[in-house]
Amino acid sequence: MTDYGEEQRNELEAIESIYPDSFTVLSDDPASFTITVTSDAGEDDEMVEVTLKFTYVEKYPDEPPLWEIDSKENLEDRDAEDVLKLLQQQAEENLGMVMIFTLVTAVQEKLNEIVDQIKIRQEEEQKRQERETEEAEKKHFQGTVVTIENFLTWKAGFEKDMSELKKRILQREEELAGKNKLTGKQLFERDHNLDTSDIQFLEEAGNSVEVDESLFQDIDDLDLDEDDPDFDPLALGSDED
């Protein structure tokens, strides 16, 4: 009969000696502990880190331990999901044997791969941003490519705008012309003094209006033959000359 307790205690002693700076015991019954796993440094010193929490079940190692990610640093959620899937796969392959060291080693290698992937992602993102910037600059200098369809659409809109503008101009001119050209009635309504202006002028003049009577002749002293067909009143002045 397998002594699960003894196997678990022996593994804990070995794990503590292998990871003295990253191993932390959380509880003894059931045995629970954490191990912090850090990737190797990348080209630009980028690193990722994850702290794994393991808990022994009663029949470990014939049954897999419980695990979870207790904390992570510079590790995206999708990469954390990959780490959990890897643990599941490794645990299934190592049932019946103590496996904590194997699981941690697999995670260590996975984190190193993730560091390389992060570098590739950063380069791809930088290239994408450069392409977008370049395309935006091309559009800024080239403008919109003219096609028959978008030209006809622009032309229809332009003609519509010009037609409306002409209508507004004509309407404005008609309004201004109507204001400047007033009828007699409109003039009278605007100035009620027009009907009394002539009378007022005569009253103000009074007796100062003089008439030169020498300019007139007695109509009876003129020898006028109005029945004469050759009579020309305009010739009277010329005869006297």
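**Entry 1: helix H2**

I started on the outward side of helix H2 in this predicted model. There I found Asp 77, Lys 85, Glu 92 and Glu 93, which are exposed. Then I turned to the other side and listed the buried residues of H2: Asp 79, Ala 80, Val 83, Leu 86, Leu 87, Gln 90 and Ala 91. Those buried residues span an arc of only 130 degrees around the axis, so they end up on the same side of H2.

Next I checked the length. H2 counts 17 residues, and its first and last C-alpha atoms are 25 Å apart. That is close to the 24 Å expected at 1.5 Å a residue.

What does H2 (residues 77–93) lie across? I looked, and H2 lies across strands S3 (49–55) and S4. Against S4, H2 runs at about 150 degrees.

**Entry 2: the sheet**

I moved on to the strands. There are 4 of them in an open sheet, in the order S1-S2-S3-S4, and the pairing is antiparallel. Strand S1 (23–28) and strand S4 (66–73) are the edge strands; each has a single partner strand, so one side of each has no neighbour in the sheet. I also noted the twist: on average, neighbouring strands of this sheet are turned by 20 degrees against each other, direction ignored.

**Entry 3: who pairs with whom**

I went through the pairs next. S1 and strand S2 (residues 31–38) run antiparallel and are joined by 5 bridges. In that pair, I found Phe 23 opposite Ile 35 of S2. Thr 24 has Thr 34 in S2 as its bridge partner. S1 and S2 make a hairpin, with 2 residues between them.

How many bridges do S2 and S3 pair over? I got 7, again in the antiparallel sense. Here Thr 36 stands opposite Thr 51 in S3.

Is S2 enclosed or open? Of its 8 residues, 6 are buried, so S2 is largely enclosed by the rest of the structure. The cut-off I kept in mind is that buried means under 20% relative accessible area.

**Entry 4: odd spots in the loops**

I then looked at the loops. Pro 30 sits in the loop between S1 and S2. The peptide bond leading to Pro 30 from Asp 29 is cis, with omega near -5 degrees.

I found another cis peptide bond from Tyr 60 to Pro 61, where omega is near 20 degrees. Pro 61 belongs to the loop between S3 and S4.

One more loop to note: Asn 74 lies between S4 and H2. Phi of Asn 74 is near 60 degrees, which is a positive value in a residue other than glycine. Is Asn 74 buried or exposed? Asn 74 is exposed, and its relative accessible area is 53%.

**Entry 5: Thr 105**

I finished with a single residue. Thr 105 has its place in helix H3 (residues 100–142). I read off a relative accessible area of 26%, so Thr 105 counts as partly exposed.

What lies 2.8 Å from a polar atom of the Thr 105 side chain? I traced it to the backbone oxygen of Phe 101.

Last, I looked up how far Thr 105 is from Val 37. Along the chain they are 68 residues apart, but 8.8 Å separates their C-alpha atoms.

Definitions and conventions
Residues numbered from 1 in each chain as written. Predicted model: local features only at pLDDT ≥ 70, side-chain atom pairs only at ≥ 80, totals over all residues. Heavy atoms only, no water. Pairing = 2+ DSSP bridges. Axes fitted to C-alpha atoms, helices over the stretch in contact; angles between N-to-C directions. Contact = heavy atoms within 4.5 Å. Expected span 1.5 Å × (residues − 1). Buried < 20%, exposed > 50% of the residue type's maximum accessible area, 1.4 Å probe, protein only. Arc of directions from axis to C-beta. Polar contact = N/O pair within 3.5 Å; in protein donor to acceptor, adjacent residues only side chain to side chain.
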